[in-house]
Structures are given as C-alpha cells and as structure tokens.
Amino acid sequence: MQTRISFQVVRDEVKRRIESRIWPQGSLLPTETQLADEFNCARATVNRALRELAEQGFVERKRKSGTRVKKEPRKQAKLEISLARQIVESQNSAYRYALVERKVVYSPGWLTSQLDVEPDARVLHIICMHYADNRPFQLEERWINIDAVPEVEHADLDKSGPHEWLLNAAPFTEAEIAFCAISADSRLAEFMGTTTGTSMIQLERTTWKNGQPMTFARMTHHPGFRIRTRY
C-alpha cells in the first residue's frame, strides 16, 4: 500500500526549494494542482502546506494570482508553551507539584479589566508551586473564569497543576503572552527560596476559548531561568 504524503513533507520540500533558490524571491510557484500531482497527494494537503509557509513568512498567496515567494522572506520565532513538568523532566530532574491555595472569588477590578469579564464574575484563584529536584522552579498564580470552564470549579488539582488540567479538559484556542523582568518582593523571595530584590523572569499568559475569556496566569521562574526559541 502506498504511503500517504503528509502536508509536513510538502511544506518542508517547498521551503527547501525556496531557501536553496530553486524558486527565487518573487517567483511564482506551481499551482496547487501541479504540486499535488508532483507529490502524489491531495490538493488539500498542498493547500495546508502553503498556508503554513504563508504564516511563516516564506510565501504570499493571492486569490487568482497564485502563490509567490516573498521578496524578503522572513522567519518567525516560535515559542512552545510547555508544562513545568515537561521542562523539569527534560532537564533530567525530578518534578514535584504542590497546591498552595485554591478558592473561588469574585473577579477583582484589575482582573475584570484584564480578562474583560463581568465585575461579579466568579473565578477560581489558584496558587501552586513547581519544583525541580526539590528546589523551587516556578510559582504559578492563575485565575480561571468559571463561566468559560464550569467543570474546573470541582476539578481535582491536588496532584497535578491547573495548566495540565486545562490542556487536557478545556484547551484554549487563542493566547497572548508577555514576558518581563521583575525584582522579587518578600512574598516571592519566600516561595522561591531567594532574597528580596533578586531578578527573575515572569511570564503572563491570557487565554481565550472560542472568543470567551478563559484564564489569566502569572508564572515566575527561579533566578537564572532562560527562555529559548528557534526560527
């Protein structure tokens, strides 16, 4: 039985031809039908491959005009949203999770503005710690809009974190991420086992599910934590 060609194979080969100048900047690519015949795959497979390359900045697509190699192709850095457990275990360290605090509250003013929810919206506020070899790795503080994820109110979060639970039970469809450098206050210093004023990286992430505000999370990493991405 002939193996079906995946869109990744088509995408990577088209990208290779662009980067090696087989198809130079500004050139018109073969049609989707022609590429489908060449790769012996469905036209929908080619379409998806070209969509990804357009999103990555390698080609531009215009209806009735076809697909052209961008004159100034650009690469986009991608940041994977990994679980704390996955990051710790990828470093060959022993992972441990601890739930610090969990309570249902009415959305405070700043969160009402941040998430664009009603002032009296009920949210689940969670504070938890992630450890690597029993050393503080990440302090996670998260607010979850119960209207968007009703089942979270009674979810078991004693043994695994809210991020992991959400990805399995109610994955988001959109996310906005911001990074900043902060100085630890006395509360953070106590949680992270360091001194007041220590520099740390803090990540803030807002998520939506089909347009509905879902969560706001603030994750503070241990001193010296580094973020890597590739393009």
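**Loops, strands and cores in a two-domain predicted model**

With a relative accessibility of 64%, D116 counts as exposed, where exposed means over 50% relative accessible area, buried under 20% and partly exposed in between (1.4 Å probe, protein chains only). The structure is a predicted model, in which local features need pLDDT of at least 70 and side-chain atom pairs count only at pLDDT 80 or more, while totals for chains, interfaces and linings use all residues. Residues are numbered from 1 along each chain as its sequence is written, and side-chain values use heavy atoms, with hydrogens and water left out.

D116 is located in the loop between helix 5 (109-115) and strand 4 (122-132); helices (H or I, at least four residues) and strands (E, at least two) are DSSP runs, numbered from the N terminus. Although D116 is not a glycine, its phi is positive, near 60 degrees. A positive phi, of about 70 degrees, is also found in N134, again not a glycine. N134 belongs to the loop between strand 4 and strand 5 (135-145) and, at 54% relative accessibility, counts as exposed. In the hairpin formed by strand 4 and strand 5, which has 2 residues between the strands, D133 adopts a positive phi near 50 degrees.

The two strands of this hairpin, strand 4 and strand 5, are antiparallel and pair over 10 bridges; two strands are taken to pair if DSSP finds at least two bridges between them. Within this pairing, H130 stands opposite Q138 of strand 5. Strand 5 is largely enclosed by the rest of the structure, because 9 of its 11 residues are buried. Strand 5 also pairs with strand 8 in the antiparallel sense, over 7 bridges, and L139 has T220 of strand 8 as its bridge partner.

Strand 8 (residues 212-221) is in turn joined to strand 7 by 8 bridges, and the two run antiparallel. K209 stands opposite Q212 in strand 8. The hairpin of strand 7 and strand 8 has 2 residues between the strands, and N210 takes a positive phi near 55 degrees there. Strand 7 (residues 199-209) is further connected by 10 bridges to strand 6 (residues 174-183), again in an antiparallel arrangement. The bridge partner of F179 in strand 7 is L203.

The chain is divided into domain 1 (7-69) and domain 2 (84-221), with bounds that come from an automatic or database domain assignment. The C-alpha centres of domain 1 and domain 2 are 39 Å apart.

The largest nonpolar core, a set of buried Ala, Val, Leu, Ile, Met, Phe, Trp, Tyr and Cys residues joined through side-chain atoms within 4.5 Å, comprises 17 residues, of which V10, V14, I18, W23, L29, V46 and L50 touch the most other members. Helix 1 (7-19), helix 2 (32-39) and helix 3 (43-55) each contribute at least two residues to this core. Neighbours within four places in sequence aside, W23 is in contact (heavy atoms within 4.5 Å) with V14, R17, I18, L29, P30, L35 and V69. A second, separate core contains 15 residues, among them L124, V152, W165 and L166.

E32 lies in helix 2 and counts as buried, with 13% relative accessibility. Residues up to four places away in sequence not being counted, E32 touches R43, V46, N47, L50 and R61. The side chains of E32 and R43 are joined by a polar contact of 3.0 Å. A polar contact is a pair of N or O atoms within 3.5 Å; within protein, one must be able to donate a hydrogen and the other to accept it, and residues adjacent in sequence count only if both atoms are side-chain atoms.
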